[in-house]
Amino acid sequence: MMKKRIIDFRSDTVTKPSEGMRQAMFDAQVGDDVYGEDPTVNLLQQKAAAMFGMEAALFCSSGTQTNQIAINVHVNPGGEVICHQESHVYKYEGGGIARNSLASVRLLNGNRGRISPQQVLDSINNPDDIHLPLTQLVSIEDTSNRGGGAIYDFEVIKQIRKICLEKKLPLHLDGARVFNAFEETKIPFQEYGAQFDSISICLSKGLGAPVGSLLLGTNDFIRKATRVRKVFGGGMRQAGFIAAAGIYALDNNLNRLSIDHKHAKILEEQLQALDWVAEIMSVESNILILSLSDSVARDEIISKLKEQGVLVSAFGPQMIRFVTHLDITESEVAQTCDILKKIV
Ligand SMILES: *Cc1c(COP(=O)(O)O)cnc(C)c1O
């Protein structure tokens, strides 16, 4: 019997390495990366740093690890991180800001996961007031996951950067899906690189690698980050096998992200026509978040879709998330549209 094909929209992390990627992993030259001797890891790090015009990069096991390392390097115990209240660094990293760095957070609310320059300015504590935690980092997320893949206007990023420079504050980018933002803004990567003191990028999301994220910054920053990675237990040995997948991903999977965005737009169009869908956050990249009308139950919709082989994520009360990625084809998107039409 033929196995029923599952169309998995739960996340862009569910992809499996392609044949070409597997071959690249198989062929990888490796060494002990804790000694700095893995040529494939070194190549990946140099490649990523150069892409963004940054001095150096560090290969890590996950985007949580790169974010947490960055926060740990930038912030001292008792210091404060400014970020959006829905940001991954705060909401989805297990309280790591407090647990790993003994730091405080200033949580801001803003349109679809984004914060404004004025909000940042208003949230920086006066360092001469001993009552207040010392503001030590601003962190933004682009694209925003909880914001349904919303993309920052690059002018806004530049204004936030200007404020940070004036206030002598480092600016971190959680760029787990920044390549999806680039696909739409078409602004050169290096112009983004110039705006941030540190950037985290994920190879295991839309780029389709099985494991791995990179932290980018100055030589001095990456030297400190390498120490923190070791302390966090993230020093890896023959990591070239997974780094090879990352190199393959950067070489082969960047130019196809527009396909995922197109697929998300097709789903959006279909969903807009359904009366059990109350509202959709307008699609900007590869994420679609919708809220359901009160006439249907979220978990019932999710399980009915599952019966038809379509997997989606619950994303809050009466909310569902679809994420498109390289393991979903155009015909599977069309199939999903047909299923959606008949589900209620
Ligand atoms: C996925 C993701 C990360 C990193 O997640 P890991 O699973 O730890 O790799 C970081 N930030 C955002 C916005 C993400 O979506």
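The four-stranded sheet comes first. In this predicted model, four strands form an open sheet in the order β9-β10-β13-β12, and their pairing is antiparallel. Two strands sit at the edges, β9 (277-280) and β12 (313-314), and each of them pairs on one side only.

Take the β12 edge. Two bridges connect β12 with strand β13, residues 319-323, and the two run antiparallel. To find this place on the screen, look for Ser-313, which stands opposite Arg-321 in β13. Which helix packs on this sheet? That is helix α13, residues 298-307, which touches β10 (287-292), β12 and β13. The direction of α13 makes about 35° with that of β13.

Now the other sheet. This one is also open, but here there are seven strands, in the order β2-β8-β7-β6-β5-β3-β4, and the pairing is mixed. At its edges are β2 (56-60) and β4 (104-108), each pairing on one side only. Ignoring direction, neighbouring strands in this sheet are turned by 20° against each other on average.

At the β2 edge, five bridges join β2 to β8, residues 213-217, and these strands run antiparallel. Ala-56 is the residue to look for here, as it stands opposite Gly-217 in β8. Helix α7, residues 154-166, packs on the seven-stranded sheet and touches β5 (135-141) and β6 (171-175). Between the direction of α7 and that of β5 the angle is about 170°.

Next, two details of the backbone, both in loops. The peptide bond from Asp-142 to Thr-143 is cis, with omega near 0°. Thr-143 belongs to the loop between β5 and α7, and α7 is the helix just described as packing on the sheet. The other detail is Leu-102, which has a positive phi of about 50° although it is not a glycine. You will find Leu-102 in the loop between α5 (96-101) and β4, and β4 is one of the edge strands of the seven-stranded sheet.

That leaves the ligand. Which residues surround the ligand? They are Ser-62, Gly-63, Thr-64, Asn-67, His-88, Glu-141, Asp-174, Ala-176, Arg-177 and Lys-205. Sorted by class, this shell has one nonpolar, five polar and four charged residues. The element that gives the most to the shell is helix α3, residues 63-74, with three residues.

Three polar contacts can be picked out. Gly-63 uses its backbone: a polar atom there is 2.8 Å from an oxygen atom of the ligand. Asp-174 uses its side chain, where a polar atom lies 2.6 Å from a nitrogen atom of the ligand. Lys-205 also uses its side chain, with an N or O atom 2.8 Å from an oxygen atom of the ligand. How much of the ligand's accessible area does the protein cover? On its own the ligand has 380 Å² of accessible area, and the protein covers 83% of that.

To go back over the sheets once more: one has four strands with antiparallel pairing, and the other has seven strands with mixed pairing. Each is open, with helix α13 packing on the four-stranded one and helix α7 packing on the seven-stranded one.

Terms used. Residues are numbered from 1 along each chain as its sequence is written. This is a predicted model: local features need pLDDT of at least 70, side-chain atom pairs count only at pLDDT 80 or more; totals for chains, interfaces and linings use all residues. Side-chain values use heavy atoms; hydrogens and water are left out. Two strands pair if DSSP finds at least two bridges between them. Axes are lines fitted to C-alpha atoms, for helices over the stretch in contact, and angles run from 0 to 180 degrees between N-to-C directions. Contact means heavy atoms within 4.5 Å. A residue is near a molecule or strand if one of its heavy atoms lies within 4 Å of it. A polar contact is a pair of N or O atoms within 3.5 Å; within protein, one must be able to donate a hydrogen and the other to accept it, and residues adjacent in sequence count only if both atoms are side-chain atoms. Accessible areas come from the Shrake-Rupley method with a 1.4 Å probe; for residues, only the protein chains shown count as cover. Ala, Val, Leu, Ile, Met, Phe, Trp, Tyr, Cys and Pro count as nonpolar, Asp, Glu, Lys and Arg as charged, and the others, Gly among them, as polar.
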